[in-house]
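Welcome! Here are some short exercises to work through with the model open beside you.

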Amino acid sequence: MAHSTDLDIVNVTKRFGAHAAVDDVSFSVAPGEFFSILGPSGCGKTTLMRMIAGFEHPTSGDIRIRGKSMIGVPANKRPVNMVFQSLALFPMMSVGENVAYGLTCRGVSRAEAEERAHRMLERVGLKGFGERRVTALSGGQRQRVAIARCLVLEPTLVLLDEPLGALDLKLREHMKIELKQLQGTFNTTFVYITHDQSEALVMSDRIAVMNQGKFEQVGSPRELYHNPATPFVASFVGETNRWQGEAASASNGAISVRLPSGAVVQGQGRAGQGALAFVRPEAVALAQDSGALGNLPNRFEGRVSAVLFDGAASSLLIDTVGFEQPVRAVLPQVGPLAGIEVGAPVHVGWTADAMKVFAA
Amino acid sequence: MTMRPAQRLALFLLLAPAILWLGLLIVLPHVEILILSFSERVAPRVYAFGVGNYLEFFTEPLYWRTFARTAFMSILVTALTLVLAFPIALYIARVAQGRLKAMLLLLCLLPFWVSELVRTLGWMMLLRETGVISYALRSVGLANQPVELLYNDGAVILGLVYGGLLFMIVPLANALESLEPAVVEAGYDLGGSRWTVLRRIVIPHAMPGIVAGCIIVFMLTVGNFATPVLLGGKNGLWFTEQIYAQFITRFNWPQGAAFGMLLLLLSSAIVWLGLRLTGQSLGTTLKQA
Ligand SMILES: Nc1ncnc2c1ncn2[C@@H]1O[C@H](COP(=O)(O)OP(=O)(O)OP(=O)(O)O)[C@@H](O)[C@H]1O
Ligand SMILES: [Mg+2]
C-alpha cells in the first residue's frame with residue numbers, strides 16, 4: 001500500500017535529564033520531498049535526527065515511517081540511512097566495499113553487491129574509483145561516496161546531518177546543487193539538517209525552523225522568507241533589519257511602531273506593548289531625492305556609512321535619522337546610485353507590507 | 001637532504017646513549033651467545049667451532065619436544081589472552097567514561113605492583129592442595145578430599161594469561177579508542193548486525209593493536225620462567241627451564257647458548273609469521289604498542 005507520507009513525527013520529546021533537547025515536535029514528510037531542519041547550534045537537530053535513525057529513543061511520542069511505528073525497532077532494521085556530519089566512511093574498506101557494505105549486510109551475494117555498488121558509483125560520477133582507498137579521495141568525492149552508500153540500499157528516507165559542514169565554500173556551493181540534483185534523479189525522500197540558512201533555502205521543498213528544541217515554523221523557503229511566523233524566523237532566515245520599539249496604534253493588521261528616538265514606522269502584524277519590526281534589505285528603496293519615494297509610508301533621510309561589497313550580495317549601511325542602528329539596504333549596481341560612496345546623502349523608504357511587526 | 005657537520009655531530013651525540021645501550025645490553029651479549037653456541041667441547045677445557053650443540057637439540061627428543069610444546073602453549077596463551085582482553089578493552093575504550101575508565105585501567109595495572117614471583121606465589125596459595133579453592137570446595141561439599149589444582153597445564157595457562165592480560169588490554173584499548181563512534185554507528189545504520197560491525201569494522205580497525213598485543217604477550221610468555229616452573233612443577237616443561245638447566249645445573253654454557261639462540265629464532269619466526277598473516281607492518285604495530 002502506498003502511504004501518503006514517508007515520515008511522521010508525532011509529539012516527539014527527548015529529555016536529557018531535565019533538559020528537553022527536543023520538545024514536543026510534530027511534522028510529516030511527503031514521498032520525494034526535500035525537507036530541511038534549520039536551526040542554530042545546539043537547538044536539538046542532531047538529537048531529532050538520531051531518533052529517526054534509531055540511535056536515540058524518544059522520551060515520549062511516536063516516529064512512523066510509511067505509517068509503521070519505529071519505536072523499538074533497532075537502527076539496523078529501519079528503512080532509513082544516514083549521512084553523518086563527519087561522513088563516517090569506513091577507512092578500512094575501499095570505496096567499492098564502502099558502497100557494497102550495506103548490500104552484503106542484507107545478504108546480497110558478493111558478486112551482485114559489487115556489481116550494484118559499481119553501478120551506483122557510476123551514477124554519482126565516481127566511475128572507476130571502486131578500488132581506491134577512501135583516504136585517497138577529495139572532500140567532494142568522499143561526500144558522494146557517503147551518499148552513494150545510502151542510496152544503493154534504496155531507503156525510504158535518507159537523513160543528512162550537516163554533510164557539507166566540512167567542505168570549503170566553493171565546493172559547498174557546488175555540492176548544494178549536486179545534492180539537489182541527486183535527490184531529484186533518485187526521487188528519494190531527504191531529511192536534511194543544517195544551521196546554514198542559504199543551504200536550506202536553496203535545496204529544500206520545505207523547511208522547518210527549529211529553536212531550543214521546538215519548531216517555530218514549517219513552510220516553503222519563500223513562505224519562511226516572506227511571511228515569517230515568529231521574530232526568530234524573521235531574524236534567522238535571511239538578512240534583515242531589526243528594530244525594537246513600542247506599538248503606537250493598530251488597526252486591521254496595520255500597525256505603527258514608535259522607535260525610542262520618537263520616529264514612527266508603519267508595518268503589518270500584531271504586537272502587545274513592545275514591538276519588533278523587521279524589514280528585508282532588498283525591500284528598502286533608495287533615492288537621491290525624496291520625491292521619488294513620495295508614495296511610501298515610511299520615508300527617511302540618511303547618509304551612507306559603509307559599502308559592503310560582496311558581488312551580488314553587496315549591501316549598504318545607511319546612518320538614518322531616528323534609527324539607532326544603520327539601515328541595511330541592497331547596494332544598487334546599476335542606475336543613478338550605482339557608484340554611491342561612503343558619506344553620500346540618500347533617501348530610504350519602504351512599504352508597510354514589507355515591514356513585519358511582532359510582539360517583543 | 002644534506003646535513004651540516006655540526007648538525008650531524010649533535011644528532012650523533014643525541015643518539016649516542018641509545019646506541020650504547022643497545023650495543024652493550026642487547027647486541028653484544030647476543031653476539032657473545034651466538035659465538036658461544038657454535039663452540040664444542042672436544043676435550044676438557046678445549047673448545048672448537050662446530051654445530052654439535054644444535055645437532056644435540058634435534059637428536060634429543062626431550063629438547064625439541066619441550067621446544068614445540070613451549071611454542072604451542074605460548075600461541076594458545078596468546079590467543080586466550082586476546083579473547084579475554086578484547087571485551088575488557090572494548091568496554092574500557094568505548095563504554096567507560098572518565099573516572100570509571102581510569103579506575104578500570106588501574107585495576108588492570110594493580111597486579112603488576114607486586115613482582116611476578118609474588119604474583120605467582122599468590123596463585124599457588126589459591127590452587128595448591130591445602131589452598132583456598134581446595135578448602136572452599138570441601139567446605140561446600142563439592143569435594144570430599146583435598147583437590148590438587150597445581151602442577152598441570154591448566155594452572156600454567158591460567159598464570160600466563162593472567163600475567164599477559166594487561167599487555168594485551170593496553171594496546172587494544174588504545175587502538176579501539178581511536179575508532180570514531182560515528183563509524184560504528186554507520187555500520188549499524190547501513191544494516192549491519194552486531195557481529196558484522198565487530199567483524200568488518202571494529203576488528204579491522206583494532207588490527208594494529210591486536211597484533212601489537214599478541215606480539216608482546218607471546219614474547220613475554222615464551223620467555224617466561226617463574227610461572228611455568230612454579231605452577232607447572234615437574235610438568236611445566238618450558239624451554240626456558242632447559243636453558244636454565246644447561247647454564248646453571250649442567251654448567252654447559254655452549255649448549256645453553258645454542259638453546260637461547262633457538263628460542264630467539266622461534267619468537268622471531270612466529271612474530272614474522274603473525275605479521276605476514278595479518279598483513280600488518282612492524283611500523284604501524286609499534287605505533288600502537
Ligand atoms: N547524550 C546527551 N546527553 C546530554 N545532553 C545531550 C546529549 N546529546 C545532546 N545533548 C544536548 O542536547 C542539545 C541539543 O543537541 P544537538 O546535538 O541535537 O544539537 P544540534 O542542533 O545538532 O547542534 P549542532 O548544530 O551544534 O550540531 C544540546 O544542548 C546538547 O548539549
Ligand atoms: Mg548536530
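**Exercise 1. Find the polar contacts of the ligand.**

Solution. The model is a predicted one. Start at Cys43(A): a polar backbone atom of this residue is 3.2 Å from an oxygen atom of ligand 1. Next, look at Gly42(A), where a backbone N or O atom lies 2.7 Å from an oxygen atom of ligand 1. Then turn to Lys45(A), whose side chain has an N or O atom 2.8 Å from an oxygen atom of ligand 1. Finally, look around the ligand: its surroundings include Phe16(A), His19(A), Thr46(A), Thr47(A) and Glu162(A).

**Exercise 2. Describe how helices α2(A) and α3(A) pack.**

Solution. Take residues 95-105 for α2 of chain A and residues 110-123 for α3 of chain A; the two pack at an angle of about 125°, with their axes 8 Å apart. An angle over 145 degrees would count as roughly antiparallel, and about 125° makes α2(A) oblique to α3(A). The crossing is right-handed. Among the residues that meet are Val99(A) and Leu103(A) in α2(A), and Ala117(A) and Met120(A) in α3(A). Sorted by class, this contact has eight nonpolar, two polar and one charged residues.

**Exercise 3. Do the same for α4(A) and α5(A).**

Solution. Helix α4 (residues 139-151) and helix α5 (residues 169-186) of chain A pack at about 20°, with axes 11 Å apart. Angles under 35 degrees count as roughly parallel, so α4(A) and α5(A) are roughly parallel to each other. Here α4(A) passes α5(A) in a right-handed crossing. The contact includes Ile147(A) and Leu151(A) of α4(A), and Leu179(A) and Phe186(A) of α5(A). Its classes are seven nonpolar, three polar and two charged residues.

Conventions:
Residues are numbered from 1 along each chain as its sequence is written. Chains are lettered from A and ligands numbered from 1 in the order in which they are written. This is a predicted model: local features need pLDDT of at least 70, side-chain atom pairs count only at pLDDT 80 or more; totals for chains, interfaces and linings use all residues. Side-chain values use heavy atoms; hydrogens and water are left out. Axes are lines fitted to C-alpha atoms, for helices over the stretch in contact, and angles run from 0 to 180 degrees between N-to-C directions. Helices (H or I, at least four residues) and strands (E, at least two) are DSSP runs, numbered from the N terminus. Angles under 35 degrees count as roughly parallel, over 145 as roughly antiparallel, 65 to 115 as roughly perpendicular and the rest as oblique. A crossing is left-handed if the near helix is turned anticlockwise from the far one by less than a right angle, and right-handed if clockwise. Contact means heavy atoms within 4.5 Å. Ala, Val, Leu, Ile, Met, Phe, Trp, Tyr, Cys and Pro count as nonpolar, Asp, Glu, Lys and Arg as charged, and the others, Gly among them, as polar. A residue is near a molecule or strand if one of its heavy atoms lies within 4 Å of it. A polar contact is a pair of N or O atoms within 3.5 Å; within protein, one must be able to donate a hydrogen and the other to accept it, and residues adjacent in sequence count only if both atoms are side-chain atoms.
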